[in-house]
Amino acid sequence: MAGKTSQTIESTLLGRTVRVHNRKKNLIRFGAVAAAGLGAAALAFTSTGAFADNASTDGDVAVQSDAGAMIVGGSPAAEGQFPWQVALADASDPSYNYCGGSLIAEDVVLTAAHCTEGSAAADVVIRHGSVDITSTETYEVADVMVADGFDGSTMVNDWSLITLAEPIPGAEPIALNTEDTEDFSTLQVSGWGTTSSGGAASDELLFVDVPYITDADCGGAYGAEFDADTMLCAGDLESGGVDSCQGDSGGPLMDTTGEPVLVGIVSWGYGCADAGNPGVYSNVAFLYDDINAALAAL
């Protein structure tokens, strides 16, 4: 992305592109900070748009110096197409967005735990209100709650709630999926992340259709790393080419065939859009009771 120079960081995090770190379970698909257990303010980031192009490698773990993943093989979203979409940004430099998220209430964002772990409310702001990240409004955060049982080594229970200091006027939250089913065909994922693994992020919100992948096929791809309860997979298993990527972490995987529902949360994967390595998402339906209980306790 454009803007300031980036500063690489070192971390002892596991290899996953968490769509933050790479071994792939690049894994984590977010910019970087949270996974390292640091506040976002601890790093120097790229400017408008989001992540740095550089990554540091510590052993077998490559850490992207941006905290999010971008959409691969996608198209620009229309204004208002995904009104629940938000970006997480560094409170000390709100021009640096590193993860995505979804409004599930006018003052609550659901995102990935690996995007918020180690961050205080004062470290994070939420950006919302336009498909152009440079035109979004900035909202302060009152509280950050990381899911009980989140394990950064396995990515189990990769979800988090962010409570805003004030509700977003005119917010249009997305409903949570409550049916833990494999009865999906094509889903959609959106974000401001990179358009290729290790590439540049987009100032424009992108989205892409991703085929749903059965638990059996995803387990065949990832073996014991895939937890069929708390995770689900989507992407073109045979050919690749469509996926979420770095910077998209925490963002929405949606079923839009009827009233849109939030099916998954961008979590991790090996690389981005590689054949045989689909995107892995937190399974909202399986986690629904825990998410709902946490909402009730806010």
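**Pocket, core and a buried aspartate**

Colleagues, the largest pocket in this predicted model has a volume of about 180 Å³. A pocket here is an open set of points on a 1 Å grid over the protein atoms alone, where a 1.4 Å probe fits, with protein on both sides within 12 Å along at least five of seven lines; the volume is the space filled by probe spheres set on the points. Of the 16 residues lining the largest pocket, Phe 82, Pro 83, His 128, Gly 129 and Ser 130 are the closest to its centre; lining residues have an atom within 4 Å of a point.

Residues are numbered from 1 along each chain as its sequence is written. Local features need pLDDT of at least 70 and side-chain atom pairs pLDDT 80 or more, while totals for chains, interfaces and linings use all residues, and side-chain values use heavy atoms, without hydrogens or water.

I turn to the core. The largest nonpolar core, a set of buried Ala, Val, Leu, Ile, Met, Phe, Trp, Tyr and Cys residues joined through side-chain atoms within 4.5 Å, has 43 residues. Ile 104, Leu 110, Ile 126 and Trp 159 have the most contacts inside this core. β8 gives the most to the core, with five residues.

Finally, Asp 158 lies in the loop between β11 (137-146) and β12 (160-164); strands are DSSP runs (E, at least two residues). Why does Asp 158 count as buried? Because its relative accessibility is 1%, and buried means under 20% (1.4 Å probe, protein chains only). The side chain of Asp 158 makes a polar contact (N or O atoms within 3.5 Å, one able to donate a hydrogen and the other to accept it) with the side chain of Ser 267, at 2.6 Å.

How values were computed:
Helices (H or I, at least four residues) and strands (E, at least two) are DSSP runs, numbered from the N terminus. Buried means under 20% relative accessible area, exposed over 50%, partly exposed in between (1.4 Å probe, protein chains only).
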